[in-house]
Amino acid sequence: MQTAVINQYERMTVHVPRLEAKRFRAVVKALGFKIEKKNAIDRALDDIEAGRVHTWSSADEMFQTLGI
């Protein structure tokens, strides 16, 4: 009986300076690893942490601000 080999991965968040990002990607690729693109939830959380959010007291106020 053969047992199935299950690849186990650990997901990590790494902060890399922008000037070093290209070199970092090359090293990761050379090591045979994969860099995942951020999904919508991760991008939204980044926006919240950076303060790029707006609040309105009503939908009408939001539409007026957006010019809709």
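Where does W56 lie? I looked that up before anything else: W56 sits in the loop between α2 and α3 (59–66).

**Ground rules.** I'm working on a predicted model, where local features need pLDDT of at least 70, side-chain atom pairs count only at pLDDT 80 or more, and totals for chains, interfaces and linings use all residues. Residues are numbered from 1 along each chain as its sequence is written, and side-chain values use heavy atoms, with hydrogens and water left out.

**Entry: W56.** I checked the exposure of W56 and got a relative accessible area of 30%, so W56 goes down as partly exposed. My scale is buried under 20% relative accessible area, exposed over 50%, partly exposed in between (1.4 Å probe, protein chains only). Skipping the neighbours within four places in sequence, I find W56 in contact with E61, M62 and T65. Contact here is heavy atoms within 4.5 Å. With T65 there is also a side-chain to side-chain polar contact of 3.3 Å. For that term I use a pair of N or O atoms within 3.5 Å; within protein, one must be able to donate a hydrogen and the other to accept it, and residues adjacent in sequence count only if both atoms are side-chain atoms.

**Entry: overall layout.** I count 3 helices and 0 strands in the chain, and the order from the N terminus is α-α-α. These are DSSP runs numbered from the N terminus: helices are H or I with at least four residues, strands are E with at least two. I then pulled the radius of gyration: the chain has 20 Å, whereas a compact globule of 68 residues would be near 11 Å. That value is taken over C-alpha atoms, and the globule rule is 2.2 Å times the number of residues to the power 0.38. The C-alpha trace spans about 65 × 40 × 20 Å along its principal axes. Just 3% of the 68 residues count as buried.

**Entry: salt bridges.** How many salt bridges does the structure hold? I get 5, each being a side-chain nitrogen of Lys or Arg within 4 Å of a carboxyl oxygen of Asp or Glu. In one of them, R11 pairs with E36 at 3.7 Å, N to O. That pair links distant parts of the chain, 25 residues apart: R11 is in the segment before α1 (21–30), and E36 is in the loop between α1 and α2 (40–50). Both R11 and E36 are exposed.

R23 and E20 form another salt bridge, at 3.2 Å. I have R23 as exposed at 57% and E20 as partly exposed at 31%.

D47 and R52 also pair up, with the closest N and O atoms 2.8 Å apart. D47 is partly exposed at 29%, and R52 is exposed at 53%. Shared partners join R11, E36 and D42 into one salt-bridge network.

**Entry: ends of α2.** At the start of α2, I see a side-chain oxygen of N39 within 3.2 Å of the backbone nitrogen of I41. After α2 comes G51, with a positive phi near 80°.

**Entry: surface.** The accessible surface of the chain is about 7,400 Å², and 56% of that belongs to carbon and sulfur atoms. Areas come from Shrake-Rupley with a 1.4 Å probe; for residues, only the protein chains shown count as cover. I also noted a nonpolar surface patch of M12, V14, F24 and I35, about 380 Å² of accessible area together. Patch members have over 30% relative accessible area and no salt bridge; like charges are joined within 9 Å, nonpolar side chains (Val, Leu, Ile, Met, Phe, Trp, Tyr) within 5 Å. F24 belongs to helix α1 and is partly exposed at 32%.
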